[in-house]
Amino acid sequence: MSFYLGIDFGTSGARAVVIDEVAQIQAQMRYPWAAGAIADVISWQKALWALLGQIPENCRQEIKAIAINGTSSTVLLCDDVGNPISAPLLYNDARGSLFLEELKQIAPPNHTVLSATSSLAKLLWMMQLDNFSEARYFLHQADWLAFLLHGQLGNSDYHNALKLGYDVEQLKYPEWLINLQLPIQLPHIFAPGTPIAELRPEIANQFSLPLDCLVCAGTTDSIAAFLASGATSPGEAVTSLGSTLVLKLLSRTRVEDARYGIYSHRLGDLWLTGGASNTGGAVLREFFTDAELENLSREINSSQPSELDYYPLLKAGDRFPINDPNLPPRLTPRPDNQIEFLHGLLESIARIENRGYELLQQLGADSLNRVYTAGGGAKNLTWTAIRQRCLKVPVVTSSNTEAAYGTALLAMRGVGSAEC
């Protein structure tokens, strides 16, 4: 039997899932981030090796293909042998805002790259580094991790490359980007799931994996969560309630508008339109432990709206549905009653979610008719009820909530397509 491995590098840790030929889970592995590890490439590599080492031996020899997802627009510079020359810039790093005016003179109006956190804005910022002359490749998180497995530098997928400016309709870099003549090698772009190369022999031997195991082009963590969800029809959406809030609505129409942090990923003949907000579970964990979240949520009357109106952020700046790197957090007034405070936070995040979906539909996306939920927040039944009241459509838990599962499906389908 053939097995397929999906690896998810998310905001709270790294995970891996092994599935069989009929997409049944055979093994699951986890590697939580220690403090600061999410921004440390050495920790990324340790996590990757740890996850491979946790796979049961009876599964390893049957793994036919591997795919990896990473957080969108988490990027790094590498030298000609793949060594990072500086710290990566994470998905929510907004220092590229310094170059937005310059980008507006170059990119088409309201293009996806016209965001402080876009990959291209980050690259322009990185070009100011003292050691930029040492850089040869600009890679996304998933690209670099895949390189560790197959040894081929300079490859990416068109999900990760969207915010770099890659044209996912024409499947090429646009002329306005080529004309910049950037002094670095931009990735060669593949369709997500496309087999790139076999494992490096030393990696295959180290972890007792097949020498002919293929490493496939990856995706982003939120698209992987969508793939895992079970959503397949226009109007169906997936909300990922992890450390951040990510919305993806399946639509027959492509919707993009950088003014609101909205972008569309290609998914077959359809489009995944949506955006990502910096609100979410990370804000909740700033004030509550997991046990407190579970216990206090039970005390909330989910049928009654909270009168507290927050915009929950850990620091200034949001990407969607308000795209403003200076947007201040709003977390007052704070009641003494912890139940009321949590109710206000959950309700406020649900309002932001609803505002996001309303905006997508106003700009031409298909009408929302069902929302699947992925991420840790999917387990909170009180929050689900609050969200359903705000969204006014059925809110259900995804068939599978693990982005790693969606990435394993990507590897399985990619290898299957290549064999056809």
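**Notebook: cysteines, salt bridges and a helix pair**

**Entry 1. Cysteines**

I began with C59, which counts as buried at 4% relative accessibility. I note here that the model I am reading is a predicted one.

How many disulfides does the structure hold? My search returned a count of zero. For C59, the nearest cysteine sulfur belongs to C213 and lies 13 Å away, and C59 is in no disulfide.

I then turned to C213 itself. Why does C213 form no bond with the closest cysteine sulfur? That sulfur is in C216, and it is 8.1 Å from the sulfur of C213, which is too far for a bond, because a disulfide needs the two sulfur atoms within 2.5 Å. I also recorded that C213 is buried, with a relative accessible area of 1%.

**Entry 2. L410, with C216 in view**

From C216 I moved to L410. The C-alpha atoms of these two residues are separated by 8.5 Å, although their positions lie 194 residues apart along the chain. I located L410 in helix α13, which covers residues 403-419.

Is L410 buried or exposed? I found L410 to be buried, its relative accessible area being 11%. Setting aside neighbours within four places in sequence, I listed the contacts of L410 as P192, G193, A217, G218, T219 and L227.

**Entry 3. Salt bridges**

I next looked for charged pairs. Side chains of opposite charge can pair when their charged atoms come close. Over the whole structure, my search gave 16 salt bridges.

One of them joins the side chains of D8 and R15, with 3.8 Å from N to O. I checked the accessibility of D8 and found this residue buried, at 4% relative accessible area. Which residues are linked with D8 in a network of salt bridges? I noted R15, R30 and E402 as the other members of that network.

A second pair is E294 with R298, where the closest N and O atoms are 2.9 Å apart. Where do these two residues sit relative to each other? Both belong to helix α10 (residues 290-298), and because they are four residues apart there, about one helical turn separates them. I found E294 partly exposed, with a relative accessible area of 48%, while R298 counts as exposed at 55%.

A third pair is D309 with R351, whose closest N and O atoms are 3.8 Å apart. D309 lies in the loop between α10 and α11 (338-362) and R351 lies in helix α11, so this pair ties together parts that are 42 residues apart in sequence. I recorded D309 as partly exposed at 45% relative accessibility, and R351 as partly exposed too, with a relative accessible area of 28%.

**Entry 4. Helices α10 and α11**

The last two pairs led me to the helices themselves. Two packed helices are described by the angle between their axes and the distance between the axes. For α10 and α11, I read an angle of about 95° and a distance of 9 Å between the axes. The two helices are therefore roughly perpendicular to each other.

Which residues make the contact? From α10 I listed L293, L296 and S297, and from α11 I listed Q338, I339, L342 and L346. Finally, I sorted the residues of this contact by type: five are nonpolar, two are polar and none is charged.

Notes: Residues are numbered from 1 along each chain as its sequence is written. This is a predicted model: local features need pLDDT of at least 70, side-chain atom pairs count only at pLDDT 80 or more; totals for chains, interfaces and linings use all residues. Side-chain values use heavy atoms; hydrogens and water are left out. A salt bridge is a side-chain nitrogen of Lys or Arg within 4 Å of a carboxyl oxygen of Asp or Glu. Buried means under 20% relative accessible area, exposed over 50%, partly exposed in between (1.4 Å probe, protein chains only). Axes are lines fitted to C-alpha atoms, for helices over the stretch in contact, and angles run from 0 to 180 degrees between N-to-C directions. Angles under 35 degrees count as roughly parallel, over 145 as roughly antiparallel, 65 to 115 as roughly perpendicular and the rest as oblique. Contact means heavy atoms within 4.5 Å. Ala, Val, Leu, Ile, Met, Phe, Trp, Tyr, Cys and Pro count as nonpolar, Asp, Glu, Lys and Arg as charged, and the others, Gly among them, as polar.
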